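Colleague: I'm new to reading structures like this one. Could you take me slowly through a single part, the metal site?

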Amino acid sequence: MTPPAPLPVAPDVHLVRSLPDGGGPLRVAINSLVIGGEEPVLVDTGAATGRDDWWRQVEGLVAPVDVRWIFLSHDDADHHGNLFEALERCPRATLVASGAIAQRLAAHRRLPLERCRWVNDGESFAAGGRDLVAVRPPAYDAPTTRGLFDVTSGVYWAADCFGLPVPHAVDEVGQLDPDVQVEGSLLWHRLLSPWVVDVDPVRWTAAIGRVAALDPQVLASAHGPLVLRRDVARALDLLGDLPGMPPAPLPGQADLEAEVAALAALAPPTPA
Ligand SMILES: [Fe+2]
Ligand SMILES: [Fe+2]
């Protein structure tokens, strides 16, 4: 299999990619972002299981010693997987995140608070000449979640939002069958944020409208292909269908037993 390579998103902005085999017909990416320029920014740090590939891609874009900011969207393991190593290898970097992150990561390790900067929803910070605005995406699975809008490039890092299980690797959603996007988006967001089926549609529309108001050039998700400008309105419209839908179907014990049996059938015979 070809090792993943960073995908250019905009001038000085690259998606660091991984598409682990999910064991089924659909696969979910684990992406992060590198913003270059005067003060380079790592946006999320991938999963520890993909550590070598993650560092190989990152170091091809920026020398760790030059990194000035590490933005952590939230405290899930597929986003902070290389955080503590990055803090060691990027000694000039400040960690930017929600103020609740230190407490929620304390079970892993203590954060160096003197190297942290807290941003609440709607607050911004400047990385060199770039204004970066923390904007919470409408769908999320951790209360610390912050997305990040790069005003210079128009790229919006949506954290887990706009994730999409895919049958094969693609760069952007326009390369997929439209039905795959519709079904995948409706399933993904109900799995990510099960409460979405119960939200008030008016308030939900307002939450989606906050992303629309950014007028993003690109939506970049940790868990799906890029959404380019021509497809942004469609991706936002799909979110609007979620309130009132039935909960997402979840696998049960019979599904688990079938999966275990299928894996056992694939395993090589044990020598006698
Ligand atoms: Fe998450
Ligand atoms: Fe995630």
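Modeller: Happy to! Keep in mind that this is a predicted model. Let's begin with the geometry: four donor atoms surround the iron ion (ligand 2), and the angles they subtend run from 80 to 170°. A tetrahedral label would need all angles between 85 and 135 degrees, and because the angles here span 80 to 170°, the arrangement counts as irregular.

Which protein atoms are the donors of the iron ion (ligand 2)? They are OD of Asp78, NE2 of His79, OD of Asp160 and NE2 of His223, at 2.1 to 2.3 Å from the ion. Try finding them along the chain: the spacing of these donor residues reads D-H-x80-D-x62-H.

Now look for the other metal. The iron ion (ligand 1) sits 3.5 Å from the iron ion (ligand 2), and aspartate 160 coordinates both. Aspartate 160 belongs to the loop between β11 (155-157) and α4 (178-192), while histidine 223 belongs to the loop between β12 (218-220) and β13 (227-228); the pair therefore ties together parts that are 63 residues apart in sequence.

Are aspartate 160 and histidine 223 buried or exposed? Both of them are buried, and buried here means under 20% relative accessible area.

So, as you turn the model, start from the iron ion (ligand 2), pick out its donors Asp78, His79, Asp160 and His223, and then follow aspartate 160 across to the iron ion (ligand 1), which it also coordinates.

Methods. Residues numbered from 1 in each chain as written. Chains lettered and ligands numbered in written order. Predicted model: local features only at pLDDT ≥ 70, side-chain atom pairs only at ≥ 80, totals over all residues. Heavy atoms only, no water. Donors = N, O, S within 2.8 Å, 3.2 Å for Na, K, Ca; no water. Tetrahedral: all angles 85-135°; square planar, octahedral: opposite > 155°, others 65-115°. Helix = DSSP H or I, 4+ residues; strand = E, 2+ residues; numbered from the N terminus. Buried < 20%, exposed > 50% of the residue type's maximum accessible area, 1.4 Å probe, protein only.
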